[in-house]
Amino acid sequence: LRVERAAMNEAMRYFDDTVDVSHMKLGWDIEAASDDGRILVEVKGLSGDDLGFELTPREYEQMLKHRERYLLLVMTAALSARPRVRIFRCKPGADSPEWVSEQGERLKLEERIGARCRL
């Protein structure tokens, strides 16, 4: 929880005119102002340096549906003295959605189908 809270706090500081909507389970955590209107920001906090995370089915669905205004803010080493923030946006004009950071890093997306089983 501390890792997620640190990432959310950073995201709330990073963007202008932010509203925390994480409790609403919309598929993103923050709505913020931009020159083109409102943007939708999904926030991921990681304790280590490796950038690897999962999106819920709802988050992934909304990411694809709203790709023009959906951002992924990922904070690695969130509780360290030197956290790193990366923001991924859908590359404009891409035939298939391609998510690229401000530093030019490309996310590799692997779709999965899951199931919960129990007696």
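## Burial and exposure in helix α2

A residue is termed exposed when its relative accessible area is over 50%, and buried when that area is under 20%. In this predicted model, P57 and K65 of α2 are exposed. The buried residues of this helix, which spans residues 57-65, are E59, Q62 and M63. These three lie on the same side of α2, because the arc they cover around the axis is only 105 degrees. P57 and K65 are found on the other side.

The buried residues of α2 pack against three strands: β3, β4 (70-76) and β6 (99-101).

## The environment of E42

E42 belongs to strand β3, which comprises residues 37-45. With a relative accessible area of 2%, E42 falls under the 20% limit and therefore counts as buried. Its side chain forms a polar contact of 3.3 Å with that of K44.

Beyond four places away in sequence, E42 touches a set of residues including E59, Y70, W28 and D29. Leucines also appear among the residues touched, including L55, L71, L72 and L73.

## Aromatic pairs

Two aromatic pairs are found in the whole structure. Y14 and F15 form an edge-to-face pair, with 4.9 Å centre to centre and 75 degrees between the planes. Y14 is partly exposed at 41% relative accessibility, whereas F15 is buried at 10%.

Y70 and W99 are likewise paired edge-to-face, at 6.3 Å centre to centre and 80 degrees between the planes. This pair links distant parts of the chain, since Y70 in β4 and W99 in β6 are 29 residues apart. Y70 is buried, with a relative accessible area of 0%, and W99 is buried at 1%.

Definitions and conventions
Residues are numbered from 1 along each chain as its sequence is written. This is a predicted model: local features need pLDDT of at least 70, side-chain atom pairs count only at pLDDT 80 or more; totals for chains, interfaces and linings use all residues. Side-chain values use heavy atoms; hydrogens and water are left out. Helices (H or I, at least four residues) and strands (E, at least two) are DSSP runs, numbered from the N terminus. Buried means under 20% relative accessible area, exposed over 50%, partly exposed in between (1.4 Å probe, protein chains only). A polar contact is a pair of N or O atoms within 3.5 Å; within protein, one must be able to donate a hydrogen and the other to accept it, and residues adjacent in sequence count only if both atoms are side-chain atoms. Contact means heavy atoms within 4.5 Å. The arc is that of the directions from the helix axis to the C-beta atoms. Rings of Phe, Tyr and Trp (its six-membered ring) pair if their centres lie within 6.5 Å; planes under 30 degrees apart count as stacked, over 60 as edge-to-face and the rest as tilted.
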